[in-house]
Amino acid sequence: MDLINEMTLSFSSRSMNENFARTAVSAFVLPLDPTITELSDIKTAVSEAVTNCVIHGYEYGEGIITVNAKIYDNGRIVIKIRDKGKGIENIPQAMEPLFSTVGGERAGLGFAVMQSFMDKLKVTSKVNCGTAVTMEKYIIRRGRAKTDDENP
């Protein structure tokens, strides 16, 4: 499987940038011709990951969020969303549905939502160094993205 396209975005850890990230990633994967449901799944998972960076990683403070997305010729999409915030002490506990370190409106379902909408989810973190969420999805039923060599 060969890498056919890649992008990287970095932006401030502001809630308003969550929509920017989801829109940019969804536009990036369009050459794979995903269904509306697949596109919605990707957008929702990206939103959840970016929101986690804002709320948990930087606790609404200032920081940078980086999104890297890759498309492979077999229809595999890999999206990595990273912060350099406070990190996660106990990843298995943090991934449990309904667990949240923030009270109030937060339901603690972010990782569960990401897992349900993507084919694969991996979370790595180091306390006081940040967290990276890597998600994978396959879009293969409709063909594959064209490489630059195949475009007229």
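**Buried charges, a nonpolar core and long-range links**

Both Glu136 and Arg76 are buried, a term used here for residues under 20% relative accessible area, with exposed meaning over 50% and partly exposed the range in between (1.4 Å probe, protein chains only). The structure is a predicted model, in which local features need pLDDT of at least 70 and side-chain atom pairs count only at pLDDT 80 or more, while totals for chains, interfaces and linings use all residues. Residues are numbered from 1 along each chain as its sequence is written, and side-chain values use heavy atoms, with hydrogens and water left out.

The side chains of Glu136 and Arg76 form a salt bridge with an N to O distance of 3.1 Å; such a bridge requires a side-chain nitrogen of Lys or Arg within 4 Å of a carboxyl oxygen of Asp or Glu. Glu136 sits in strand S5 (residues 130-138) and Arg76 in strand S3, so far as DSSP runs define them (helices: H or I, at least four residues; strands: E, at least two; numbered from the N terminus). The two partners are 60 residues apart, and the pair links distant parts of the chain.

By this rule, the count of salt bridges is five. Another of them joins Arg14 and Glu62 at 3.5 Å, N to O. Here, too, distant parts of the chain are linked: Arg14 belongs to the loop between strand S1 (3-12) and H1, and Glu62 to the loop between helix H2 (36-57) and strand S2 (64-72), 48 residues apart. Arg14 is partly exposed, at 37% relative accessibility, whereas Glu62, at 59%, is exposed. A further bridge brings together the side chains of Glu59 and Lys86 (2.8 Å, N to O). Because Glu59 lies in the loop between H2 and S2 and Lys86 in the loop between strand S3 (76-83) and helix H3 (91-94), this pair ties together parts that are 27 residues apart in sequence. Lys86 is partly exposed, with a relative accessible area of 34%.

Attention can now turn to the nonpolar side chains. The largest nonpolar core (buried Ala, Val, Leu, Ile, Met, Phe, Trp, Tyr and Cys residues joined through side-chain atoms within 4.5 Å) holds 37 residues, of which Val46, Ile79, Ile81, Phe111 and Met135 touch the most other members. H2 supplies the largest share of this core, eight residues. With contact meaning heavy atoms within 4.5 Å, and residues up to four places away in sequence not counted, the partners of Met135 include Ala45, Val46, Ala49, Ile77 and Met114.

Strand S5 also contains Ala132, which is buried at 7% relative accessible area. Leaving aside neighbours within four places in sequence, Ala132 is in contact with Lys80, Ile81, Arg82, Lys122, Val123 and Thr124. From Ala132 to Val67, the C-alpha to C-alpha distance is 9.7 Å, with their positions 65 residues apart in sequence.

Ser26, in helix H1 (residues 17-29), is likewise buried, with a relative accessible area of 8%. A polar atom of the Ser26 side chain lies 2.9 Å from the backbone oxygen of Thr23. Beyond four places in sequence, Ser26 touches Leu39 and Lys43.

For the protein as a whole, four helices and five strands are found, following the pattern β-α-α-β-β-α-α-β-β along the sequence. Buried residues make up 43% of the 152 residues. Among contacts between residues at least 6 apart in sequence, 67% join residues at least 24 apart.

Key: A polar contact is a pair of N or O atoms within 3.5 Å; within protein, one must be able to donate a hydrogen and the other to accept it, and residues adjacent in sequence count only if both atoms are side-chain atoms.
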